[in-house]
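Please open the structure in your viewer and keep the selection tool at hand. The stops below are to be visited in order.

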Amino acid sequence: MKIVMAIIKPFKLDEVRNALTDLGVQGLTVTEVKGYGRQKGHTEIYRGTEYAVSFLPKLKIEIAVAADDVEKVTEAISAAANTSQIGDGKIFVWDLEQAIRIRTGETGVEAL
Amino acid sequence: MKNLISITPKLAGLSALTAFSLAAVPAFAADTMDKGDTGFMMLSTILVLFMILPGLALFYGGLVRSKNMLSVLMQTTMITAIVIVIWVTYGYSFAFGGSESPYWGGFGKLFLKGVTADSTAATFTDGVVIPEYVFIAFQMTFAAITPALIIGAFAERVKFSAIMAFVILWVTFVYFPIAHMVWDANGLIFKMGALDFAGGTVVHINAGIAALIGSIMIGKRIGFGRDMMAPHSMTLTLVGAAMLWVGWFGFNAGSNLEANGAATLAMINTFTATAGAIIAWSLIESVLRGQASMLGAASGMIAGLVAITPAAGSVGPMGAILLGALGSAGCYFFVSVVKNKFGYDDSLDVFGIHGIGGIIGAIGTGIFTSPLLGGTGGMDYSIAGQTTTQIMAVLITIAWCGIGSVVLFKLVDVIFGLRASEQDERQGLDLSSHGEAAYHS
């Protein structure tokens, strides 16, 4: 099993979710986060005073998937979250040792 | 029975009175009071209160960081309450107590001595009066909003107790005398013939100058020019600005003291000048930086309202559009260029908008009141003459307010310390001064 974590532009959430639902992904977790990458920040001007906003709002989504599905899932996220503009985000994948469904006690892929 | 008996002599007395008064019509006409005027003034008074709470409080509150939201709401609320109590105890007397001094009203009406529900105050029409209580209440709201305006200049860093002490001293030694000078028939500036319809000098220039001095004497916020200090809720700022606009109809039209044609001129000018100012600020921003901002439109709105305040009763609706636009342009230049160049931290641009807008309005009143420009000045109106008088009035106000404010800020600083401690400022004044938070996540 793997965890797929993606940082995406906030307004791309619905498209990403739809793409993942089409793949049969059963659930995901979304967190509002702030950060910077190569896009850096931007400046905002209030009555002529400029402020550098160095951390931009993004969404972090986390999905636990069976190892075989990782490629499909990352491709779906890449396709859905892509605007070809700087700041589209990144996808990270890592190993997941165990998953347990609290209600039934199922473990492993069964619990996803 | 008793009643009947007592009615008869009254009737007889009435007919005798009628016969007598026929010969003395002017003397009796000298005391006309109209229920329409009274109702209009009561409503206008409440509208000005609405400008302060919640209008100004939300306008300012939205502009600070979320950790200082409550401090601004609280300062505005407390200033309103304190000035109301001061006004009825001695403020009204100091401003309108009936003394012949050009500088202050004296002790004649301390604790509203001698004022009853039957007392009257004169209006701009000979022989038409309004109840004195409504005049007192209307003027009271003006006295309350002026120091409330000042606090925006040093928001996010001032010590609560110190600023309350400052406000008590400032209204006593700066506001009441200037209100007397400008609006009392014996006042220095009134006698010069200066036009200040609804308080451009008394309220806005006065507040703006004290604000500039306060922002410099209290010093910059920690992290000024380095940290992110953007407004925490532009939504509330627009809500507050729009409430100010609505309330301003009480401020401007109410300053006519009668619900007549002149009040409607003030009303339409309060629409057109503000519209012109919003468009001007947004156009300038569009051209100079490519985007028109919401904060810009709200700032233009206030700049226009400030600029039209002294002129509302004497310029025409077209002149008002231009005056509003000029006010907007002047204020834009100050808040976006001059302030950054000099580097003072007038946090919410009280000087940049109320001070500068007030000065442009006061001088513009001299120009746009001319009948040549659609104003209501008489045939012999002299733009140069009136404008000179306007400038003199502005200079007197700046001098009185400037010197008074420096002394009072210094005094309060020595006794109480004007500035919150560094730790309190970093934590935010909501928690450190008031023990509560505006928002819980």
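The model is predicted. Begin by selecting B:Ala121, which stands opposite B:Ile130 in strand 3 of chain B.

Next, select strand 2 and strand 3 (residues 128-131) of chain B. Three bridges join these two strands, which run antiparallel. Extend the selection to strand 1 of chain B: three strands form an open sheet in the order 1-3-2, with mixed pairing. Strand 1 (32-33) and strand 2 (120-122) of chain B stand at the edges with a single partner strand each, so one side of each has no neighbour in the sheet.

Now add helix 5 (residues 132-150) of chain B. Helix 5 lies across strand 2 and strand 3 of chain B and runs at about 70 degrees to strand 3.

For the next stop, select helix 10 (residues 261-289) and helix 12 of chain B. Their axes come within 7 Å and cross at roughly 40 degrees; the two helices are therefore oblique to each other. Helix 10 of chain B passes helix 12 of chain B in a right-handed crossing. Residues to display at this contact include B:Ala273 and B:Trp281 of helix 10 and B:Leu322 and B:Tyr332 of helix 12. The residues of this contact divide into 15 nonpolar, seven polar and no charged.

Finally, show both chains. Which chain B elements give two or more residues to the side that touches chain A? They are helix 11 (294-308) and helix 12 (317-342) of chain B, and helix 12 gives the most, with four residues. In total, 12 residues of chain B are in contact with eight residues of chain A. The chain B side has seven nonpolar, three polar and two charged residues.

Technical notes. Residues numbered from 1 in each chain as written. Chains lettered and ligands numbered in written order. Predicted model: local features only at pLDDT ≥ 70, side-chain atom pairs only at ≥ 80, totals over all residues. Contact = placed C-beta atoms within 7 Å. Nonpolar A, V, L, I, M, F, W, Y, C, P; charged D, E, K, R; others polar. Axes fitted to C-alpha atoms, helices over the stretch in contact; angles between N-to-C directions. Parallel < 35°, antiparallel > 145°, perpendicular 65-115°, else oblique. Left-handed = near helix turned anticlockwise from the far one by under 90°. Pairing = 2+ DSSP bridges.
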